Amino acid sequence: MRMLELDRVCAGYGDLRVLFDINMHIDKGEVVALVGSNGAGKTTALRTISGEIRITAGSIKWYDQDLAALPAYSRAVMGISHIPQGRGVLGPLSIKDNLILGSYTKRTKHKREELMKMVFEIFPILYERRNLPAETLSGGQQQMLAIGRAMMMEPELLILDEPSLGLAPIVVDEVFRILRSLKEKGKSMLIIEQNLVKALQIADRGYVLETGQVVLADKSDALINNEGVRKAYLGVV
């Protein structure tokens, strides 16, 4: 089932155009990766989906509903959860309070305890430290908290912008183990990731962006084995 579809989307910042006629889609249960160099427009694409940036042309549809005029909070209520770069946890608040803030919608408020139990089962370290300030967590643990807080919204689509940024390799492996387990449970995800091999290994399909345009779209294994992608983005000759 087609969940999200971008059709000829253009967007940018003021007079600066960043995205040019972007076409992409995500089906229910899919994991999709956005691949491209810095400045290609990947983060801008995610922000247009979550509603942080308004599109200037084209359309974004969630199932059959047009999202273009809807603010970011409405998209979150509908089931689109965006974890930005930098994690965005609220340091002085406890880990438990950070999670509670993720379940603010009418759809999830009455399920708060059930959802928190689910998060703690996925991330036992968060349960162990649930009453401590979030700022006492390591970078990897804060990333786990950011994912857990997003899961408290019971999202249909989880959007992750550079989930491994600034993390040690062993922690990156743990984060991707968790993402893989979410995929096995049927969670739909859209991922931007600096570690392109890991992103494509977990994804079903991928889109390659260059200077704000989709220049290639294919299944992940085809992209990993594509000579041009390997040279340009994977550092493999």
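Leaving aside neighbours within four places in sequence, glutamate 30 is in contact with His25, Lys187, Ser188, Met189, Asp204 and Arg205. Keep in mind that this is a predicted model. One of those partners, Arg205, also turns up in a hairpin further along the chain, where arginine 205 stands opposite lysine 219 in strand 10. Here's a quick tour, starting with glutamate 30 and then moving on to the hairpin, the four-stranded sheet and the helix that lies across it.

**Around glutamate 30**
- You'll find glutamate 30 in the loop between strand 2 and strand 3 (31-35).
- Buried or exposed? Glutamate 30 counts as buried, because its relative accessibility is 12% and the cut-off for buried is under 20%.
- Its side chain reaches the backbone nitrogen of aspartate 27 at 2.9 Å.
- Aspartate 27 belongs to strand 2 (16-27), an edge strand of the open sheet described below.

**The strand 9 and strand 10 hairpin**
- Strand 9 (residues 205-210) and strand 10 (residues 213-219) run antiparallel, and six bridges join them.
- Two residues sit between the strands of this hairpin.
- In the turn, threonine 211 has a positive phi of about 40°.
- As for pairing within the hairpin, the residue in strand 10 that arginine 205 stands opposite is lysine 219.

**The open sheet**
- Four strands make up an open sheet in the order 2-1-4-5, and the pairing is antiparallel.
- Strand 2 (16-27) and strand 5 (65-66) are the edges, each pairing on one side only.
- What joins strand 4 (residues 55-62) to strand 5? Two bridges do, with the strands running antiparallel.
- Tryptophan 62 has glutamine 65, in strand 5, as its bridge partner.

**Helix 1 and serine 50**
- Helix 1 (residues 42-50) lies across strand 1 (2-13), strand 2 and strand 4.
- Relative to strand 1, the helix runs at about 115°.
- Serine 50 has its place in helix 1.
- Serine 50 counts as buried because its relative accessibility is 8%, and the cut-off is under 20%.
- Not counting residues up to four places away in sequence, serine 50 touches Ala72, Arg75 and His82.
- With histidine 82 there is also a polar contact: the side chains of serine 50 and histidine 82 are joined at 2.9 Å.

Notes. Residues are numbered from 1 along each chain as its sequence is written. This is a predicted model: local features need pLDDT of at least 70, side-chain atom pairs count only at pLDDT 80 or more; totals for chains, interfaces and linings use all residues. Side-chain values use heavy atoms; hydrogens and water are left out. Two strands pair if DSSP finds at least two bridges between them. Contact means heavy atoms within 4.5 Å. Axes are lines fitted to C-alpha atoms, for helices over the stretch in contact, and angles run from 0 to 180 degrees between N-to-C directions. Buried means under 20% relative accessible area, exposed over 50%, partly exposed in between (1.4 Å probe, protein chains only). A polar contact is a pair of N or O atoms within 3.5 Å; within protein, one must be able to donate a hydrogen and the other to accept it, and residues adjacent in sequence count only if both atoms are side-chain atoms.
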